Amino acid sequence: MISFYPGPSKLDPLVPDLMYQAGKNGILSINHRSKEFIEISKKTIVQLKKKLLIPTDYEVFYTSSATECWEIIAQSLIEKKSYHIYNGAFGEKWFEYTHKLKPESLGLEFSFKEELNINNLTVPNDTELICLVQNETSNATQIQNKALHQIRKQYPNQLIAIDATSSMAGVKLDFSNGDIWFASVQKCFGLPAGIALLICSPAAIKRSLQLKENNHYNSLNFMIDKIKDYQTTYTPNVLGIYLLMEVMKKNKSINTTDKLIKSRINNWYTFFKTFQDVSFLIEKKENRSDTVLALTASEEKIKVIKAKAKKYGIVLGNGYGKWASTTFRIANFPAHTERDIKNLQAFFKKHLQ
Ligand SMILES: *Cc1c(COP(=O)(O)O)cnc(C)c1O
């Protein structure tokens, strides 16, 4: 079975052997306050910064999921009010969770059919934090680096938090455009779920220290204290961190991966133009995600194509939320090989008109 689900998805090919080795070499029994753990954690963070081009003065934290990152941001980096700009299900969920913890937070939904109109944004002055989803996995849209740059310039005094769960390690992100970035590893990193990365600028760290929030096991201030020694507030997913370290050691610079992912997505655009059965959920090319593709068709067609794919040994991604029955999604993640893609294209050629 090859999974093209946009997370969890196909694993990096190194993972099965690494898991075996981690068990055999005693890595799964090391204490999380030991020298051995600190060494692994430090190397992981060094590799992440190097390969993903994360600014050296940003801090990288381990959490267990992107959802946990939403909560940490709400509890530890917002006193009263955040402003959520979203066009799909993940951005909306993030807003809903935050709103429960910080009821003054505001949400602005924009159309997934259009690019975000930054000139028309009116973020209130008393907003502490602006929340954006760089890659909206539910409808396969993205906000480009240059748009994020424009928002950064337009709002220099507010912190900006960016959910890059399904794009980090797949495409190049300009981290200087945001203060808080996060992603879980079961998407573009090609790893099993159970780890996420929370990445904070010096301004975000400063804000956390100012707010002094310390009511939770995962209060950011506790995490800041522990990460000084490359440690975590609770016993972490050591296996996940070990896998992340090894895979990042092997990975090339994000500049290289970014080129590959973009050339592959362009190839998919050309490929699907020739079929009448399906069309792109997102019409405007500038709006489309580089790492997730969403195609729409009749409900009947979707059902048939997903079932046939399964028989063929291919898992396609279901549609998400309100697009559940009228779309399917394809992950364009680095772990997929040219051969996987050729197989999938051969399948579509056979079963789509
Ligand atoms: C998958 C995803 C999440 C949720 O990730 P978890 O690790 O399951 O918490 C959040 N945001 C986006 C954009 C996602 O694609």
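User: Which residues come nearest to the ligand?
Analyst: In this predicted model, the ligand is surrounded by 13 residues. By class, this shell holds 3 nonpolar, 8 polar and 2 charged residues. Those that come nearest are Thr67, Thr137, Asp163, Ser184 and Lys187.

User: What is the distance from an oxygen atom of the ligand to an N or O atom in the side chain of threonine 137?
Analyst: Side chains of the shell offer N or O atoms to the ligand at several points. Aspartate 163 has such an atom 2.7 Å from a ligand nitrogen, and serine 184 has one 2.7 Å from a ligand oxygen. For threonine 137, the distance to a ligand oxygen is 2.4 Å.

User: How much of the area that the ligand exposes when taken alone does the protein bury?
Analyst: Taken alone, the ligand exposes 390 Å². Of that area, the protein buries 87%.

User: Which pocket is the space taken by the ligand?
Analyst: One pocket of about 280 Å³ is lined by 21 residues, with Phe90, Thr165, Gln186, Lys187 and Tyr320 nearest its centre. Its lining receives two or more residues from each of α3 (66-76) and α4 (89-101). The ligand takes the space of this pocket, the second largest.

User: Which element gives the most to the lining of the largest pocket?
Analyst: The largest pocket encloses about 370 Å³. Among its 18 lining residues, Lys250, Asn251, Lys252, Thr257 and Pro334 are the closest to the centre. The elements giving two or more residues are α2 (35-52), α8 (238-250) and α9 (254-273). With 4 residues, the element that gives the most is α9.

Technical notes
Residues numbered from 1 in each chain as written. Predicted model: local features only at pLDDT ≥ 70, side-chain atom pairs only at ≥ 80, totals over all residues. Heavy atoms only, no water. 1 Å grid on protein atoms, 1.4 Å probe; cavity = no way out; pocket = protein on both sides within 12 Å on 5 of 7 lines; lining within 4 Å. Points joined across faces, edges and corners; volume = space filled by probe spheres on them. Near = heavy atom within 4 Å. Polar contact = N/O pair within 3.5 Å; in protein donor to acceptor, adjacent residues only side chain to side chain. Areas by Shrake-Rupley, 256 points an atom, 1.4 Å probe, with all protein chains shown as cover. Sits in = over half its atoms within 2 Å of the grid points. Nonpolar A, V, L, I, M, F, W, Y, C, P; charged D, E, K, R; others polar.
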